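Please find below a note on the model under review. The points are numbered so that each may be taken up separately.

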There are 2 protein chains.
Amino acid sequence: MATSVPTTSVKKDAHPFNRETLEGLLAKRFFYTRAFEIYGGVAGLYDYGPPGSALQANIIEFWRKHFIIEEEMLELDTTIMTVSDVLKTSGHVDKFTDWMVKDVKTGDVLRADHLVEGVLEARLKGDKEARGLKAQVAPVTDADKKKKPKKNMKSVAVQLPDDVVALYESTLAQIDNYTGAQLGELIRTQSILNPDTGNEVGEPVEFNLMFESSIGPTGQIKGYLRPETAQGHFVNFSRLLEFNYGRVPFASAQIGRSFRNEISPRAGLLRVREFTMAEIEHFVDPLDKRHARFDEAKDIVVGFLPKGVQESGRTEIIKMTIGEAVAQKIVDNETLGYFLGRIYLFLTRIGINPARLRFRQHMKNEMAHYAADCWDAEIHTSYGWIECVGCADRSAYDLSVHSKKTGQKLVVRQALPDPIIVERWTAEIEKKLFGPRFKKDAKAVEDAIMALDEPRLVLLNGELVKGPTKLKLDDGREFEITSDLLTIQKKTFKETVREFTPNVIEPSFGLGRILYSLLEHVFWCRESDEARGVLSLPSVVAPIKALIVPISSNEVFTPFIRQISAQLRKAGVACRVDDSSASIGKRYSRNDELGTPFGITVDFATVQNGTLTLRERDTTDQRIGKTEEVISLVIDLVDGRIDWAQACEKLPAYTGVQDVE
Amino acid sequence: MATSVPTTSVKKDAHPFNRETLEGLLAKRFFYTRAFEIYGGVAGLYDYGPPGSALQANIIEFWRKHFIIEEEMLELDTTIMTVSDVLKTSGHVDKFTDWMVKDVKTGDVLRADHLVEGVLEARLKGDKEARGLKAQVAPVTDADKKKKPKKNMKSVAVQLPDDVVALYESTLAQIDNYTGAQLGELIRTQSILNPDTGNEVGEPVEFNLMFESSIGPTGQIKGYLRPETAQGHFVNFSRLLEFNYGRVPFASAQIGRSFRNEISPRAGLLRVREFTMAEIEHFVDPLDKRHARFDEAKDIVVGFLPKGVQESGRTEIIKMTIGEAVAQKIVDNETLGYFLGRIYLFLTRIGINPARLRFRQHMKNEMAHYAADCWDAEIHTSYGWIECVGCADRSAYDLSVHSKKTGQKLVVRQALPDPIIVERWTAEIEKKLFGPRFKKDAKAVEDAIMALDEPRLVLLNGELVKGPTKLKLDDGREFEITSDLLTIQKKTFKETVREFTPNVIEPSFGLGRILYSLLEHVFWCRESDEARGVLSLPSVVAPIKALIVPISSNEVFTPFIRQISAQLRKAGVACRVDDSSASIGKRYSRNDELGTPFGITVDFATVQNGTLTLRERDTTDQRIGKTEEVISLVIDLVDGRIDWAQACEKLPAYTGVQDVE
């Protein structure tokens, strides 16, 4: 897919990576910028300019092909505005929160766990410096380290007592596990201040990360901007199942915006308040998590960081095939393994460096409230390891809670090949006693009894044998039940249909994080000149595939330029004409910074001999050929049918114009 | 682009269009549904299911190719969450409102103009019935009629006095021009009640249509969900201009969600609270609105409904070429004309019936607050003529107001070929007098004088000749100015750069409205059976291009199915396997309803002879051929390289399986 070139010809690591240089390039070339910049901007909101948007659109297009088209997934496009009931049921209204603290003097708000973590880490670093040790990267587990770059945490070389060091280290290892009260306690006992101002901070307060609004003119319908696209899949489950002829497994997929009102976002595109996600919900029989296409993924070798390794305080990556990982139960099942493999292929094909990609399993204490198991695809960047794709087993959580709340059955019904005989405890009610005994509550009491599951029926039966007992309703009211009201007994049933709530495997992609990490991975500077940056984006995602440059602004070139660009566009190749007055070297450099893989020069030889020169971005090699031949080669190169080495076999080298500014 | 078939073979108008039938089909096949349906839903919010999402994604992909790639537009992806300052400046906080009234008993909220309009129209209809006239469609102008279908407006045959009829008709003609007070007056004097309940309604109250939220944990940053994507372009103008080497014309483009908190949305996808738009902002020199590619659009014939025709109370459409319309100044300039032509091509290529498409010019009183001229592409549906694309000349409005508010210059600077000599009134200040005279306000007074434009300088000069005068600052304070403080005179300047604020031509597409209108245009029922609906979607937008159906669930077919679908997918053809247990006729009917243009049947002949049968959706023709040949023909058909008639020349007819249920 990517343009492969003889590596001997290009030295990409001549200069160490420098984030400021990259950020300067991205700003100058308008990959992205702070939203409402001319109004001063707002933290955590970014606009993508032309190259950023095109890069994102190309990543999405490839994602759609790689996942949706390739696997016949059922695409959805559900609303961002979500009524509060849905998110109340899913748990987001109650649990999708972070703890925040306020600077007592300035009123600035900080995320409590980030504050504690940052300050303790800075103190540990200062301690190490004081002890004459070089501060080491990544203490404890990377799980905690990866998330939050801290700009203002200066370490001062002060030695700490040994027991304090031990306390800090154990605190950091469990920081995701702390309650608000515990964080408040730590802030007081460890005298943690706002490092930006040196002021004290108040008690931690819970803050819900969802943006709230109200729907309609009366303000009576409360709504939230969705924090994930997933709930839109779950509430449509029955229609999806019907669309798939009532059968599992199947997957739905959705690409769209989600929102999280982060407390104090920093770190550019890595922590934002509005972002584009791509989510897959794969619905599967809980008793059969095999995958029909597992064979296609089983030989892919990836780096794993299982929870066991992390819990023993280590971070080394285990390299093995997906097949081995599933066989050894490191990865629970084929479906999960299959998706890890597909995620790996997706990320590496768009240009992520496989050596800087790992799959890390969540530890018990960091899992989301709905998850049964979770693996993150983490990409290494200058901010550390960044979670870019989550692959969670949400079990039957969401479908169960929505079903319970709405009274709609969200289940799969499967005809059994042979009827089976099952025994089940059941309650039969003496209906005529209910009215006189419970009056207007008769229906509620009856419903409560009928809703009891088997274990509770058995329990109730045991109690009734001893005498009258209390039954507690969902609304908290209690009623006295006596044995004459009902008969509880084991009965035999013949079943021809199996009914079950499917489990959900959810690969969830943060596209902005992937996009930023990719930019770090493909960025380098020319050996000859550190100021000449290059983005070696693969053609499949490069914003513009081919640059067309006339050697001068002479009008004689215009018809040639039009014809070339028309032919390329017809073949679906996004191209751009740069007929600005800058020197040709400068125009090429500018397009190296935009990641444009190929450049086509139109000069007087084009007019006289019908030739074009073709330049490859990474090598700056220039070749010459007949117009038609060059155009058709560019189309083949962009579509990945040939690589640059093969193109060089067809076109002789050109040395007429020097690629310098 | 579309599959052309011999029209003799298919009779698509055997049954009159029935909206309920279409809606039933769309619901059954999960094109779209009410959002959070299992929670009861919320008016104006819809989720797209698999075929609806795929249709929308294909429309967007074609839009991106047709506009962005084809014209090298600069794509943007800006945030939905917008700080209030931006929308205050643009005028949306103050002017993006509708008038609403409340039912005095139920508290139900209605849009005041829709209420008045609906009731008056129903009364006029009743009047006509009473007078024995058949009620006619589309009174006054279509501009007013098209917008709002009314479900609950029952007309009762009651004759009205002639002067009341005249009053109602003139009221309806100007309804968009009424203030809240005037609407309230009408409601009282004409005894207009809530037709749903028969209750009185209260006074009209202004309601802003933007969803409000707040950004960050302190709640101090007010934000709105954007009501259009346009402002995201304007606030990024300087960066876009720089990206385009400082030159105009150029266009930016954006596809994304916008939100309008409609008062009481009805009419399905045509009036919703959350929707996907595609917007182009074409920045152009106000003195030169020619377009470099106008030649490509000038011969396109479209139907125009200019404002002059409407203002004289008529609605007939004038058919002419874009070139003629521009030459005759019906359409103001080449750029506007070019876009009308491109919009026409876009809509007809995705399947909109050109006979049901017109371009209507806005009349003065219905233009948005920012627009200087506006043409709507209106599509005819069962709801009347629906505005689906607006093509407005926003003049320099937005850039000017943002520039004024932020103090950032949002202008194009153009080197003049020859310097020009200009005379201008200027003020020169006696700086040393300002400090003693105005103390701490000296700077403010000086700035205020320097900010005066030429006419105001001349005015001030005239006043100073007579004696001391007052200068009013923006903050309302006044200062006395005397002639010794400054010299105002005409001076001569040599200018080498022309500086101007570009004008903006904005084609703005409501994708949901286009999608729904398209579904109406391509829907028909088989002559033989009204229950067999078909959506004749062109391949370019059809959700699935090819259906693969094994004749039975025999496992012998599995490898063939896999191989066919892999080959199609590799060629970028979205396909779907239907191996459900339904009869083959039923499976084909189901896919006719999904708009799938081609069906490939795998049967025992496939296994034995390597043949496939190929079915075309509209004709239900079946052809037979070798596997490789059929697959390659399907790819050519889908990509529009050949049409069905040409495919039929290559493949013999197949008659082995009847296409019935």
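1. A term is needed at the outset: a residue is called buried under 20% relative accessible area, exposed over 50%, and partly exposed in between. By this rule B:Asp299 is exposed, because its relative accessibility is 56%. Its salt-bridge partner is B:Lys298, with N and O 3.5 Å apart. B:Lys298 counts as partly exposed, at 29% relative accessibility. The reader should bear in mind that this is a predicted model.

2. The relation between the two chains may be stated next. A turn of 180 degrees, with a shift of 0.1 Å along the axis, lays chain B on chain A with an RMSD of 0.5 Å. The two copies are therefore related as by a two-fold rotation axis. Within chain B, B:Ser213 has the C-alpha nearest the axis, at 2.6 Å from it.

3. How many residues of each chain take part in the contact between chain B and chain A? The contact involves 89 residues of chain B and 89 residues of chain A. Of the interface residues of chain B, 100% are also interface residues in chain A, so the copies meet through the same surface. The area buried between the two chains is about 7500 Å². Carbon and sulfur atoms give 59% of that area.

4. The polar side of this interface also deserves comment. Between chain B and chain A there are 46 residue pairs in polar contact, counting pairs with both residues at pLDDT 80 or more. The interface is also crossed by 10 salt bridges. One salt bridge joins B:Arg257 to A:Asp77, whose closest N and O atoms are 2.4 Å apart. In addition, a network of salt bridges links A:Glu70, A:Glu72, A:Arg293 and A:Glu296 with B:Arg569.

5. Side chains of opposite charge can pair when their charged atoms come close. Over all chains, the count of salt bridges comes to 114. Among them is the pair of A:Arg641 and A:Asp636, with an N to O distance of 2.9 Å. Another is formed by B:Lys11 and B:Asp13, at 3.3 Å from N to O. In this pair, B:Lys11 is partly exposed at 41% relative accessibility, whereas B:Asp13 is exposed, with a relative accessible area of 59%.

6. Are the cysteines named here buried or exposed? A:Cys575 is buried, its relative accessible area being 3%. B:Cys388 also counts as buried, at 3% relative accessibility. The structure holds zero disulfides over all chains. For B:Cys388, the nearest cysteine sulfur is that of B:Cys374, 13 Å away. A disulfide requires two cysteine sulfur atoms within 2.5 Å, so B:Cys388 is in no disulfide.

7. Finally, the division of chain A into domains should be recorded. Which residues make up domain 1 of chain A? The domain assignment gives it three segments in sequence, written as 20-79 + 226-397 + 505-510. Domain 2 covers 97-208, domain 3 covers 416-500 and domain 4 covers 544-650. The C-alpha centres of domain 1 and domain 3 of chain A lie 44 Å apart.

Conventions:
Residues are numbered from 1 along each chain as its sequence is written. Chains are lettered from A and ligands numbered from 1 in the order in which they are written. This is a predicted model: local features need pLDDT of at least 70, side-chain atom pairs count only at pLDDT 80 or more; totals for chains, interfaces and linings use all residues. Side-chain values use heavy atoms; hydrogens and water are left out. Copies are superposed by least squares on the C-alpha atoms of residues with pLDDT of at least 70 in both. Contact means heavy atoms within 4.5 Å. Domain bounds come from an automatic or database domain assignment. Buried means under 20% relative accessible area, exposed over 50%, partly exposed in between (1.4 Å probe, protein chains only). Buried area is the accessible area (1.4 Å probe) that two parts lose on being put together, summed over both. A salt bridge is a side-chain nitrogen of Lys or Arg within 4 Å of a carboxyl oxygen of Asp or Glu. A polar contact is a pair of N or O atoms within 3.5 Å; within protein, one must be able to donate a hydrogen and the other to accept it, and residues adjacent in sequence count only if both atoms are side-chain atoms.
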